[in-house]
Amino acid sequence: MNTSRWFLVFGLLLFLSSSHSAKATTSLAEALDATELQWETGGESDWFGQTDVSADSIDAAQSGPVSSVDQTSWISTTVEGPGRLEFDWRIHQTSMQCTYMDYWVDDSSKMWRYVNSDWGHVVDCDIQTGKHKLTWTLYCICSIECDQSTSWLDRVHFLPGGVPPRIVLQPTSQIMTAEGCVDFWVWVEGTEPFSYQWQHNGEVIPGWTFRDLMLCDITLDDTGAYQVVVSNDYGEVVSDIAQLTVIPTYPLDLALGTPGWKWSNSSLTGSWFGQTTDTFERRPTAKSNTQTDGFACLHADVTGPGTLTFAWRLQAESLKDSLELMGGFPYQRLYCNPTTSEWQQQTMYLGNGSQGLTWVHWNASSSSDASAWLADVNLVEGGTSPLITEQPRDSSCLEGSPARFRVKAVGTPPLKYQWRHDGQSLPDETEEVLELRGLRFSNAGLYDVVVTNEYGNTVCQSAELQIKPAPTAPALVFTYVPPWGSKDELLEGMVYNLDPNDYIMAVYIEVYGTWWTKPYWDRPCTAIKDDGSWTYNINTGGSDFVATTISAFVLPKPCDSTNDNPPLLSGQAELPKELFDLAVAAKMVTRSLPSVKFSGYEWFLKSGFWGPGSNHFSHSPQNVWVDEEERLHLKIRRNQGIWKCSEVILADSLGYGTYRFYLDSRVDNPPDNVVVGLFTWSNNPSYSYREIDIEFSRWNEGPDAPDGQFVVQPWSPPGHRYRFHMRPDFVQTVHAFTWEPEQIWFRSLAGKDLVTNPNTENPAEYTFDHSGEIPPPGDETTRINLWLINGDPPGDGKEFELVVKRFEYLPLNFTNYATFANCWLKKGCGEPDWCSGVDLNNSGSVDFVDLGIFTDHWLTGAQ
């Protein structure tokens with residue numbers, strides 16, 4: 001071979017080599033900056049190294065394509081803990097949110113990402129001792145094509161070795177009156193698990209080995225220095241000293257003019273105490289000592305019937321400050337006038353039997369000068385005959401439409417009702433509400449109700465029902481609207497003076513402020529019958545039963561959604577103007593929600609056939625009611641051969657904070673199939689519906705199975721479900737969880753003791769702190785329920801009743817500040833898993849704008 005040919009071959013090889021190098025990708029280990037780890041990839045397509053997109057401007061691993069529903073692309077490695085893991089990740093989608101990426105440790109999902117975002121940095125300090133498989137997965141969850149979405153992973157660093165504890169937030173000194181409650185606590189970082197031991201004046205406090213130290217009914221002997229020793233396998237640290245100062249008091253029963261009464265304080269953010277400095281007509285009074293952004297409760301149990309009188313005064317430093325009394329039967333609530341600081345006299349009529357009275361001072365200001373006073377409490381015994389508090393209202397309805405009359409009355413229970421039409425009793429009409437359907441002209445007239453108890457009777461004012469003829473012009477009316485919360489009833493209506501062959505019906509519902517086409521996108525209309533009547537299924541989605549507003553439209557045929565007849569809506573904030581332009585008739589109704597008042601909150605009542613457990617839920621007063629002691633009752637009862645369950649849903653979403661449920665009935669060893677639930681729930685499936693549970697059931701696993709459990713859903717991954725045995729001798733118990741950005745702390749108490757059965761190992765206290773698996777606040781609501789597994793009857797065949805004495809919620813205060821400080825100037829924030837939800841303007845970083853928003857709401861309780 002001559003020299004020229006050698007040069008030709010050499011040049012060709014050089015060309016091929018350079019061409020191949022231009023197309024080559026870096027290895028996964030190099031792209032991830034983790035060559036010391038062994039990497040695997042799989043699913044429908046493999047991850048690969050590339051240099052086009054990266055966090056370090058060099059290279060990164062990219063997921064393979066996932067093109068249809070349930071397809072995945074994953075990458076994994078194994079590490080030996082304990083240790084600290086850091087990585088950067090990113091996801092990108094071009095249209096709908098049809099893909100998401102998550103990060104797992106073994107069988108536990110730690111965090112996930114759904115939406116487009118820039119690179120985000122994750123630190124996981126919860127890699128415990130032993131071998132652990134780490135997995136990152138891209139999922140396709142839509143039936144449409146997903147191949148325009150992708151994800152990346154970069155800068156994966158695992159640092160082996162444990163981290164000793166470090167106290168991020170120290171306990172704070174407090175001043176509290178005798179007989180009040182205090183709460184000392186710390187915030188700790190490091191490698192778990194941690195051990196805690198609280199000390200008082202340098203001496204160990206037996207049994208107090210939790211993050212929080214809670215002391216109630218304190219005395220002068222509790223004055224002194226408190227601190228905690230925190231340790232793990234890698235070291236220990238001692239907290240700063242927090243001083244407790246206890247203020248001596250005048251006996252509450254004497255200060256209030258009630259010798260022998262038992263008064264109790266029941267709040268960790270304030271208390272009431274007797275004193276002789278601020279008097280009422282030269283007599284001692286009770287005064288509140290309430291922390292800023294806190295409340296103080298003063299409670300007494302009395303026996304009725306009777307008439308309660310008292311004097312009170314409020315010194316408000318903010319329009320949000322309040323003083324109120326909750327108690328009596330039925331539930332009553334009185335407010336002190338906040339516009340004057342003068343003493344005011346009040347009267348409340350109490351029903352028959354034992355009941356609770358609770359005065360609450362709310363200090364929503366930033367001043368410690370906000371106070372409240374109570375004096376001259378007096379109860380005169382004697383029953384009360386019925387008193388009408390809400391009269392039925394006159395009504396004018398079209399022929400064929402329904403009519404309803406409602407009355408409200410108070411008095412010593414039980415109250416009995418008998419509705420009348422033109423003076424004649426109506427058979428079987430013995431409830432607070434009278435409902436008439438398919439009105440005829442013969443239904444017109446006067447309606448009233450006789451309310452009776454053992455102390456007398458009263459008759460409400462008459463309400464007139466007028467029946468009008470059907471209209472002569474085109475018109476649309478609702479003849480029946482399913483009550484809020486119902487899932488198995490149809491919306492009904494009538495169309496007048498229109499040819500049913502020329503028109504169709506279109507209905508939209510408003511759920512949480514957004515509008516939705518019903519029943520389905522591919523069937524957005526329904527026909528009108530020959531007689532003008534129509535029915536509509538408005539419960540075809542997961543949250544439809546909580547729709548508050550329903551709008552119906554009569555539209556010209558044909559039903560052709562491709563040409564916007566009718567317009568298709570899927571979460572829009574408003575109904576489109578063209579919908580009204582198309583309609584020849586329209587009607588809108590807002591549904592009232594069945595509810596009860598309990599512990600100062602409004603609670604909606606579940607009704608209909610649905611989960612959990614495929615049960616019939618009833619809002620009947622025989623299933624859910626508030627008694628004369630202000631206690632909430634939930635009951636599983638049999639009615640006409642059907643077992644009816646019960647559930648109450650708090651009207652407000654509370655977010656991070658402490659949730660306390662005070663029970664006044666036993667929940668240990670419930671019958672087979674019976675479940676007691678104290679929990680949060682969101683109708684949005686994100687973050688496993690934001691479900692945090694305290695539950696009592698043996699789950700049909702036999703008499704030796706634990707009867708209590710703490711759960712962060714999903715319950716199946718390790719550490720998400722913690723079970724314990726209850727002691728059988730407790731009736732009054734307190735069950736609580738504190739929901740924070742980095743952990744959820746559960747406990748069940750009777751007095752100051754855990755409810756744990758001493759013959760078992762697991763205490764009734766547990767901290768869930770899996771990084772990335774704590775759900776952020778959203779639209780979740782607090783709920784209390786009684787239900788049956790698979791809808792089967794109670795194992796003993798008997799009705800079951802739960803009594804809840806009260807519910808308390810305490811928002812996070814300094815915890816929020818600590819979370820904010822830890823994330824200060826962090827960049828690359830995406831979903832709430834990142835930056836702990838303190839990227840308040842969603843800019844992708846925690847900066848001075850967020851600081852401004854945060855300080856505007858500092859200690860207001862806003863989440």
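This is a short selection-by-selection tour of some local features in the structure above. Keep in mind as you click along that the model is predicted.

**Stop 1: the disulfide**

Start by selecting C525 and C559 and showing their side chains. These two cysteines form a disulfide, with the sulfur atoms 2.0 Å apart. How many disulfides does a search of the whole structure find? The search finds one. If you set up a dihedral about the S-S bond, look for 80°, which goes with a right-handed link between C525 and C559.

Now colour the backbone on either side of the link. The pair joins distant parts of the chain, 34 residues apart. C525 sits in the loop between β40 (514-518) and β41 (526-527), while C559 belongs to the loop between β43 (549-556) and β44 (570-572).

Switch on a surface and look at the two partners in turn. Is C525 buried or exposed? C525 is buried, because its relative accessibility is 16% and the cut-off for buried is under 20%. C559, in contrast, is partly exposed, with a relative accessible area of 38%.

While cysteines are on your screen, pick two others. C297 counts as buried at 7% relative accessibility, and C460 is buried too, at 5%.

**Stop 2: a cis proline in the β40-β41 loop**

Go back to the loop that holds C525 and select K518 and P519. The peptide bond joining K518 and P519 is cis, with omega about -5°. P519 lies in the loop between β40 and β41, and C525 is in that loop as well. Most peptide bonds are trans, so a cis bond deserves a pause on a tour.

**Stop 3: a patch of negative charge**

Next, select D499, D502, D530 and D531 and show them on the surface. These four aspartates gather there in a patch of negative charge. Zoom in on D531, which is found in the loop between β41 and β42 (533-536). How does D531 score for accessibility? Its relative accessible area is 55%, so D531 counts as exposed, the cut-off being over 50%.

**Stop 4: another cis bond**

Jump along the chain to Q713 and P714. Here the peptide bond from Q713 to P714 is cis, with omega near 0°. To place P714, look in the loop between β56 (708-712) and β57 (721-724).

**Stop 5: two serines with positive phi**

Most residues other than glycine have a negative phi, so the next two selections are worth a look at the backbone. Select S599: its phi is positive, about 55°, although the residue is not a glycine. S599 is in the loop between β46 (595-598) and β47 (601-605), and S599 is buried, with a relative accessible area of 17%.

Then select S688, another non-glycine residue with a positive phi of about 55°. You will find S688 in the loop between β54 (674-681) and β55 (692-696). At 23% relative accessibility, S688 counts as partly exposed.

**Stop 6: strand β47**

Finish by returning to β47, the strand that follows the loop of S599. Select L605, which is found in this strand and is buried at 4% relative accessibility. For a last distance label, add N623 and join the C-alpha atoms. L605 and N623 are 9.9 Å apart in space on that C-alpha to C-alpha line, and 18 residues apart in sequence.

Definitions and conventions:
Residues numbered from 1 in each chain as written. Predicted model: local features only at pLDDT ≥ 70, side-chain atom pairs only at ≥ 80, totals over all residues. Heavy atoms only, no water. Disulfide = S-S within 2.5 Å. Helix = DSSP H or I, 4+ residues; strand = E, 2+ residues; numbered from the N terminus. Buried < 20%, exposed > 50% of the residue type's maximum accessible area, 1.4 Å probe, protein only. Patch = residues over 30% accessible without salt bridge, like charges linked within 9 Å, V, L, I, M, F, W, Y side chains within 5 Å. Areas by Shrake-Rupley, 256 points an atom, 1.4 Å probe, with all protein chains shown as cover. Salt bridge = Lys/Arg side-chain N within 4 Å of Asp/Glu carboxyl O. Lys, Arg positive; Asp, Glu negative; His and termini not counted. Charge placed at Lys NZ, Arg CZ, Asp CG, Glu CD.
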